[in-house]
Amino acid sequence: MQYANELRKNGILINAADPGYVDTEINNHSGYVTVAQGAAVLVRLATLGGDGPTSGFVSEDGPVPW
Ligand SMILES: NC(=O)c1ccc[n+]([C@@H]2O[C@H](COP(=O)([O-])OP(=O)(O)OC[C@H]3O[C@@H](n4cnc5c(N)ncnc54)[C@H](OP(=O)(O)O)[C@@H]3O)[C@@H](O)[C@H]2O)c1
């Protein structure tokens, strides 16, 4: 959030994403979300326009409460 607040004036967005519990080596393939499904929120955030949201923590279902 400190990076987001500092960099928003430069048009740089900082967001955190929860891809879900993804089937990869890191969890010995116990995840129940495919890599393609987990990547969706990451791609969406990586391709936001310059006027998009910043300092968020989101999944494909919306904001993650924390
Ligand atoms: N899977 C999930 O459910 C999930 C959910 C939330 C967040 N994450 C986070 O997402 C990140 C990637 O996880 P993933 O699920 O995509 O795992 P992954 O498919 O197992 O990929 C892990 C990657 O990290 C690389 N790596 C491991 N140790 C390394 C080291 N010492 N130096 C350089 N590279 C190293 C591996 O390289 P090699 O292939 O060469 O070994 C591999 O490319 C992790 O930080 C994880 O905590 C994962």
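**Exercise 1. The ligand shell**

Determine which residues are around the ligand and how they divide by character.

*Solution.* Step 1: apply the criterion that a residue is near a molecule if its C-beta atom, placed from the backbone, lies within 6 Å of it. Step 2: list the residues around the ligand, which are Pro 19, Tyr 21, Val 22, Thr 24, Glu 25, Ile 26, Asn 27 and Gly 31. Step 3: sort them by class, where Ala, Val, Leu, Ile, Met, Phe, Trp, Tyr, Cys and Pro count as nonpolar, Asp, Glu, Lys and Arg as charged, and the others, Gly among them, as polar. The shell then divides into four nonpolar, three polar and one charged.

The model is predicted: local features need pLDDT of at least 70, side-chain atom pairs count only at pLDDT 80 or more, and totals for chains, interfaces and linings use all residues. Residue numbers start from 1 along each chain as its sequence is written.

**Exercise 2. Elements of the chain**

State how many helices and strands the chain has, and in which order they run.

*Solution.* Step 1: take helices (H or I, at least four residues) and strands (E, at least two) as DSSP runs, numbered from the N terminus. Step 2: the count is two helices and three strands. Step 3: read from the N terminus, the order is α-β-α-β-β. Step 4: for the overall extent, the C-alpha atoms fill a box of roughly 40 × 20 × 20 Å along the principal axes.

**Exercise 3. The sheet**

Describe the strand order of the sheet and explain why S1 and S3 stand at its edges.

*Solution.* Step 1: count two strands as paired if DSSP finds at least two bridges between them. Step 2: the three strands form an open sheet with the order S1-S2-S3 and mixed pairing. Step 3: S1 (16-17) and S3 (62-63) each have a single partner strand, so one side of each is left without a neighbour in the sheet. Step 4: S1 and S2 (residues 57-59) run parallel and are joined by two bridges; Ala 16 has Phe 57 as its bridge partner in S2.

**Exercise 4. Two residues with positive phi**

Locate Asn 28 and His 29, and decide whether each is buried or exposed.

*Solution.* Step 1: a residue is buried if 20 or more other C-beta atoms, placed from the backbone, lie within 10 Å of its own, exposed if 12 or fewer, and partly exposed in between. Step 2: Asn 28 lies in the loop between S1 and helix H2 (35-46), and His 29 is also found in the loop between S1 and H2. Step 3: Asn 28 has 8 C-beta neighbours inside 10 Å and therefore counts as exposed. His 29 is exposed because 9 other C-beta atoms lie within 10 Å. Step 4: although Asn 28 is not a glycine, its phi is positive, about 55°; the phi of His 29, likewise not a glycine, is near 60°.

**Exercise 5. The surroundings of Glu 60**

Place Glu 60 in the chain and identify the residues that it touches.

*Solution.* Step 1: Glu 60 is in the loop between S2 and S3. Step 2: Glu 60 counts as partly exposed because it has 15 C-beta neighbours inside 10 Å. Step 3: a contact requires C-beta atoms, placed from the backbone, within 7 Å; leaving out residues up to four places away in sequence, Glu 60 touches Ala 40 and Val 41. Step 4: Glu 60 and Leu 7, 53 residues apart in sequence, are 24 Å apart from C-alpha to C-alpha.

Notes. Contact = placed C-beta atoms within 7 Å.
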